[in-house]
Amino acid sequence: MKRLLAIATLLLGAAWAGSAVAADSCSLSYKLKPGQVWLATVSNQFKATESGDDSTQASGYSVRYRVLKGEKPGWVKLEAKIVAHSAQGQGGIDYTKLTYTADMHTSGELRRIAHSGSAMPPMPEDQLAQMPPQYAAMMQQSAEMLAKAMQPGVFWFPELPEEKLSVGDSFEVVQKSDLGGGTGMQMQTVVKSEFTLEDISEGLAYFSVRQRAQSKAGGMGGSSETRTAGKADAIFDLEQGMWVEMTAKSQSTSSFSGSGGMSGEMGGMQLIRYRMQLQ
């Protein structure tokens with residue numbers, strides 16, 4: 001009997017050790033399934049400081065994602081539609097007319113990103129007919145730039161590492177965007193994020209994030225440069241295979257110059273929250 005108890009104790013100890021190891025490491029992958037509908041709610045608060053004056057702006061938007069069957073194993077097709085935006089109606093802009101599509105791998109890699117619709121107010125046909133062709137083309141390019149500027153906010157979830165992570169391990173994500181073309185404006189942005197696994201509990205992986213970003217813009221007689229540094233907390237649901245929450249705090253400094261020798265600087269603090277829910 002004592003021998004059986006000893007064997008049972010060893011087995012229980014081995015099982016406990018195995019579960020402890022499993023709780024200290026995990027593999028990340030997006031587990032989106034055809035037929036699912038996800039809703040992302042994003043809120044943003046920005047406190048700007050310029051020449052000693054403070055001003056606070058609040059904004060936000062919501063995106064509904066429909067998951068469709070992909071063309072290859074390990075891939076799905078995402079259809080992402082903006083269903084609400086705080087800037088709705090300002091200057092006639094309507095973000096809810098934009099729908100994005102992309103092929104997404106379980107790693108988070110995106111391919112064939114595209115969009116349909118236009119957030120810009122429609123122009124009457126008779127006015128278009130009277131416009132110089134170059135002006136009409138510029139308006140079209142502006143609409144494209146507006147849609148592309150919103151794209152990183154729609155597909156905000158980062159690519160995931162292939163290797164298994166243990167508590168304390170990190171992985172880096174670099175996201176780049178290049179806006180402009182024939183609009184007279186150019187903007188290049190690079191965002192670097194380092195995710196560090198802090199804890200695994202009840203099927204959730206908790207991360208701390210360090211972020212740095214640099215953005216340069218130029219055109220129409222002016223230029224600007226913005227540098228941003230911040231920290232974030234993020235939660236990944238290992239069973240559902242999706243980030244369910246991310247809260248980022250950052251501080252930015254911008255410098256700008258224009259025609260006639262005009263120049264200046266401004267800074268600001270930003271708080272942005274992402275929440276993702278399966279509908």
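Here are a few questions and answers about this predicted model.

Q: How many helices and strands are there in the protein?
A: Let's start with the overall picture: the protein has 279 residues, and 32% of them count as buried. As for its helices and strands, the counts are 3 and 13.

Q: What share of the contacts with a separation of 6 or more comes from residues 24 or more positions apart?
A: Here we only look at contacts between residues with a separation of 6 or more. Among these, the share from residues 24 or more positions apart is 56%.

Q: Is leucine 204 buried, exposed or partly exposed?
A: Leucine 204 sits in strand E10, which covers residues 204-219. Buried would need a relative accessible area under 20%, and exposed would need over 50%. Leucine 204 comes in at 22%, so it counts as partly exposed.

Q: Which residues is leucine 204 in contact with, leaving aside its neighbours within four places in sequence?
A: Glycine 241 is 37 residues away from leucine 204 in sequence, with 9.8 Å between their C-alpha atoms. Once the neighbours within four places are set aside, the contacts of leucine 204 are Asp199, Ile235, Phe236 and Asp237.

Q: Which residues form a negative surface patch?
A: One of the members is aspartate 24, found in the loop between helix H1 (2-23) and strand E1 (25-26). With a relative accessible area of 45%, aspartate 24 is partly exposed. Another member is Asp199, which is also in contact with leucine 204. The full patch is Asp24, Glu198, Asp199, Asp233 and Glu245.

Technical notes
Residues are numbered from 1 along each chain as its sequence is written. This is a predicted model: local features need pLDDT of at least 70, side-chain atom pairs count only at pLDDT 80 or more; totals for chains, interfaces and linings use all residues. Side-chain values use heavy atoms; hydrogens and water are left out. Helices (H or I, at least four residues) and strands (E, at least two) are DSSP runs, numbered from the N terminus. Buried means under 20% relative accessible area, exposed over 50%, partly exposed in between (1.4 Å probe, protein chains only). Contact means heavy atoms within 4.5 Å. Patches are made of residues with over 30% relative accessible area and no salt bridge: like charges are joined within 9 Å, nonpolar side chains (Val, Leu, Ile, Met, Phe, Trp, Tyr) within 5 Å. Accessible areas come from the Shrake-Rupley method with a 1.4 Å probe; for residues, only the protein chains shown count as cover. A salt bridge is a side-chain nitrogen of Lys or Arg within 4 Å of a carboxyl oxygen of Asp or Glu. Lys and Arg count as positive and Asp and Glu as negative; His and the chain ends are not counted. The place of a charge is taken as NZ of Lys, CZ of Arg, CG of Asp or CD of Glu.
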